[in-house]
Amino acid sequence: MKDAAPKTIRLSDYTPFGYLIDRVDLSFALHPSATRVRSRIAFRPNPEATDRRFFLHGEELSLISASIDGVAVTPREVPGGIECDVPDAPFTWEAEVEVNPEANTSLNGLYMSNGMYCTQCEAEGFRKIIYYPDRPDVMAPFTVEIEGDTPVKLSNGNPTGPGAWDDPWKKPAYLFALVAGDLVSFDDQFTTMSGRKVDLRIWVRSGDEGKCAYAMDALKRSMKWDEEMYGREYDLDIFQIVAVDDFNMGAMENKGLNIFNSKYVLASPETATDRDYAFIEGIIAHEYFHNWTGNRITCRDWFQLCLKEGLTVFRDQQFSGDMRSHAVQRIEDVQQLRARQFREDAGPLAHPVRPEEYIEINNFYTATVYEKGAEVIGMLKTLIGEEAYYKALNLYFERHDGDAATIEDWLKVFEDSTGRSLKKFKHWYQEAGTPRLSVEENFHDGRYKLTFRQQTPPTPGQPQKKARVIPIALGLLGTDGQEVLPTTVIEMDKPQQSFTVEDLAAKPVPSILRGFSAPVILEHEVSSADRAFLLAHDTDPFNKFEAGRALAKSVLVAMLTEGAAPDSLFLGAMHDMVRDETLDPAFRALALGLPSIDDICQTLHEGSVVPDPQAVYTARETLGAALAGAMGESLRGLYAQHQVAGAYSPDAGAAGQRALTNAALGLLTHLDGGALAAEQFSQADNMTNQVAALGSLIQNGSGNDQTAAFYDQWKSDRLVIDKWFALQTSMTPPSRAIEVTAALTEHADFDWKNPNRFRSVLGGLAMNTAGFHRADGAGYALLADWLIRLDALNPQTAARMTGTYETWRRFDADRQGLIKTQLERIAGTEGLSRDTTEMVTRILGA
Ligand code: TRP
Ligand code: ZN
């Protein structure tokens with residue numbers, strides 16, 4: 001068996017597989033270094049296919065035997081798998097292979113984590129378990145039998161005996177899962193809308209069973225929500241979740257047996273922050289929702305990844321908004337979108353929501369596919385309205401249940417159910433890049449005219465862009481703060497379009513793109529006074545937040561490019577906002593946060609200014625100190641007034657209060673040198689407050705004693721120690737960030753083979769923008785050293801983290817040269833994985 005040579009896979013090359021599968025029966029004889037897997041697969045010719053080549057994927061497998069209809073055969077080894085001559089009629093393929101889970105460090109396929117057997121098959125890991133047509137359009141029902149000396153042996157579907165499972169729903173191979181080990185379960189039950197009882201089990205390592213209650217509660221709320229909002233009922237007798245410590249991503253939606261990174265399952269007030277709780281809720285929901293959007297209806301090929309991911313992200317965002325606050329959820333989602341997806345869209349890794357080619361599909365589980373994919377669905381919903389949206393979704397489930405579908409199928413459902421053409425709308429799926437939407441205002445004789453122009457800059461391989469369909473949610477405010485035009489959706493689909501309102505007494509203040517109605521960059525010259533006015537009066541919470549954010553950015557840009565002092569108008573406007581007790585504390589906490597250094601660098605770059613990360617850091621610190629100085633006593637008042645009394649609860653109300661007091665604490669540290677943070681640290685009875693206090697101290701360049709105390713307190717809790725590493729690498733002031741990171745890579749607990757730990761240390765440094773971009777290039781070299789080392793063991797995680805360098809073209813020539821040197825060093829590494837090779841090649845560009 002040979003490795004497949006790196007080659008480009010194209011959407012336009014799709015052809016169906018030559019055979020259909022009626023059923024798959026698997027049996028596993030588990031052994032850490034020599035697991036035997038027997039497969040019996042009932043194939044029959046696919047009447048819709050013309051190519052009858054019988055090719056099965058397989059990687060790192062030792063073939064023991066193979067037969068067709070009971071007669072031994074010797075398959076031909078070809079790149080990436082095997083081929084065999086087969087009858088032109090239904091036949092049964094049987095094979096036995098041996099695999100070595102213990103030696104599998106990629107965490108893809110069958111591997112071991114803390115003595116437990118575990119699988120990850122998305123996207124193409126099943127081919128490391130058996131020979132199989134490992135492509136999502138090949139779907140089949142599975143049975144599984146597991147032999148081995150572990151007390152717990154799990155797979156997909158319903159249990160039929162000890163270590164025996166039957167999954168009646170046909171599924172693609174990427175949804176296969178097997179887990180075996182010494183696990184304990186936290187159990188509950190859910191009664192579905194039609195009255196069926198479903199057993200719910202969360203499996204964890206012994207000792208962690210006390211940290212499952214929140215995840216279980218989130219699961220039950222997700223099941224209920226999907227019934228109420230989308231009419232989707234669960235379809236097996238049991239739903240199980242397993243928490244594992246070694247995992248490349250957040251979680252995986254395997255049919256009936258979700259596997260989670262343990263950080264997104266385990267929580268207790270002492271060890272998890274409010275943010276952790278929110279992530280657990282969102283990710284539990286996400287994976288559960290995949291049961292319909294991903295599993296029952298899957299993707300025809302991996303180009304269609306956004307079909308399941310964009311939709312499922314959209315659904316989990318809706319859910320989290322319903323559980324918490326829609327305003328806060330939307331602001332957080334947009335912040336993430338801009339920080340990750342706009343950044344991606346503006347650089348060498350830009351690609352369409354539905355890419356048209358790839359070398360390694362694992363490199364396309366991106367912010368664009370996930371987050372922009374969700375935005376595209378949000379726009380569709382805005383354009384057609386709530387009722388039409390749910391009607392279309394019902395048709396989608398009805399028409400495509402059991403299918404491996406495409407974006408064309410998805411759009412057709414909307415066209416058929418609404419009667420409108422989505423031909424132009426489809427450009428959102430096909431074209432990369434973030435559109436710029438510019439606005440011009442004109443007021444004359446009571447006539448107010450807005451002229452919008454759109455333009456999308458070129459992206460790799462796509463020099464020319466078409467006009468997009470952009471829903472622009474617009475409101476107009478009068479000078480008294482009253483709304484003269486309530487939210488109205490303008491549908492823009494041309495390069496230039498105008499909108500007019502007659503008979504106005506005075507020029508209104510526009511509130512454009514309410515709720516961030518489209519993922520575009522708004523270019524609108526607005527006076528600081530009007531921004532402050534919107535911050536005070538806009539009825540749309542997103543745009544209210546946005547006004548403060550835009551004001552902060554303009555102040556920072558003026559400080560950086562003109563040497564201006566922190567603008568007192570901004571300081572006053574923020575002061576008024578934060579004291580407004582009619583506003584949700586969670587909203588105020590978000591609005592009080594300054595834009596990140598990376599975000600400011602991006603804004604400067606968009607304005608054709610070359611950012612100096614160190615100068616940006618200094619300006620941001622100066623503005624933070626000025627804010628603190630201007631608010632002084634108010635911050636102390638807020639800090640005292642919003643302390644949450646009584647036992648910790650992760651609910652949105654309490655979490656919002658903590659977010660506000662901790663935002664105040666961060667600013668106050670500029671004034672008191674960390675006295676209050678030290679006090680909070682010593683008294684904290686929950687991880688949210690403990691981490692916030694330690695973070696403020698570290699950011700302030702102090703907190704050595706607390707850093708040591710935190711380690712002593714938590715050294716036996718791996719998830720908390722991940723936080724300990726990440727706080728130091730991400731928050732240490734830039735002058736010391738690299739030394740601190742380098743020292744932590746020598747720490748006895750730096751288990752770099754564990755992706756969570758690796759990300760805490762090196763990913764933490766990558767988030768420390770000014771530290772990472774230190775002018776001498778030491779950050780670039782340190783990260784490259786570790787990526788090269790990790791790539792040999794775990795290509796997926798190494799490749800993913802090369803994205804840290806994607807912004808390199810923003811910076812000065814010296815930094816570009818230093819980064820290029822490191823990228824070329826990575827690229828030149830012998831035996832570099834296909835994953836990392838593709839990423840580095842794309843980042844370097846043509
Ligand atoms: N489908 C998973 C999700 O979005 C993502 C995922 C989990 C994944 N593990 C992976 C993707 C490994 C690629 C490789 O929920
Ligand atoms: Zn997903």
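1. Ala-123 sits in the loop that runs between strand E11 (116-120) and strand E12 (139-147). In this predicted model, the peptide bond leading from Glu-122 to Ala-123 is cis, with omega near 0°. The geometry at this point deserves attention, since Glu-122 also takes part in the ligand site: its side chain has an N or O atom 2.5 Å from a nitrogen atom of ligand 1.

2. A further backbone feature occurs just before strand E11. Asn-114 is in the loop between strand E10 (109-113) and E11, and its phi is near 50°, a positive value in a residue other than glycine.

3. These residues belong to an annotated span. UniProt, in an unreviewed entry, lists residues 98-158 as "domain: Aminopeptidase N-like N-terminal". In the model that stretch is 43% strand and 0% helix, and its end C-alpha atoms are 26 Å apart.

4. Which residues come nearest to ligand 1? Of the 15 residues around the ligand, these are Glu-122, Ala-251, Glu-253, Glu-287 and Tyr-370. By class, the shell consists of 5 nonpolar, 5 polar and 5 charged residues. Strand E20 (251-252), helix H2 (274-289) and helix H3 (305-323) each contribute at least two residues to the shell.

5. Polar contacts to ligand 1 also involve the two helices. An N or O atom in the side chain of His-286 is 3.4 Å from an oxygen atom of the ligand, and a polar side-chain atom of Glu-309 lies 3.1 Å from a ligand oxygen atom. Taken alone, ligand 1 exposes 370 Å², of which the protein buries 97%.

6. What are the protein donors of the zinc ion (ligand 2)? They are His-286 (NE2), His-290 (NE2) and Glu-309 (OE), at 1.9 to 2.1 Å from the ion. Their spacing in sequence is H-x3-H-x18-E. Because His-286 lies in helix H2 and Glu-309 in helix H3, the pair ties together parts that are 23 residues apart in sequence.

7. His-286 and Glu-309 therefore appear in both sets of contacts, and their burial can be stated for each. His-286 is buried, with a relative accessible area of 7%. Glu-309 likewise counts as buried, at 1% relative accessibility.

8. A second annotated span lies at residues 433-524, for which UniProt gives "domain: Peptidase M1 alanyl aminopeptidase Ig-like fold", again from an unreviewed entry. The span is 53% strand and 0% helix, with its end C-alpha atoms 19 Å apart.

9. Within residues 433-524, the loop between strand E30 (509-512) and strand E31 (521-523) holds Leu-513. Is Leu-513 buried or exposed? It is buried, with a relative accessible area of 3%. The C-alpha atom of Leu-513 is separated by 46 Å from that of Ser-155, and the two residues are 358 apart along the chain.

10. Phe-516 is found in the loop between E30 and E31 as well. Its phi is near 50°, a positive value in a residue other than glycine. Phe-516 is buried, with a relative accessible area of 3%.

Definitions and conventions:
Residues numbered from 1 in each chain as written. Chains lettered and ligands numbered in written order. Predicted model: local features only at pLDDT ≥ 70, side-chain atom pairs only at ≥ 80, totals over all residues. Heavy atoms only, no water. Near = heavy atom within 4 Å. Polar contact = N/O pair within 3.5 Å; in protein donor to acceptor, adjacent residues only side chain to side chain. Areas by Shrake-Rupley, 256 points an atom, 1.4 Å probe, with all protein chains shown as cover. Helix = DSSP H or I, 4+ residues; strand = E, 2+ residues; numbered from the N terminus. Nonpolar A, V, L, I, M, F, W, Y, C, P; charged D, E, K, R; others polar. Donors = N, O, S within 2.8 Å, 3.2 Å for Na, K, Ca; no water. Buried < 20%, exposed > 50% of the residue type's maximum accessible area, 1.4 Å probe, protein only. UniProt positions renumbered as here; feature names shortened; annotations may be inferred.
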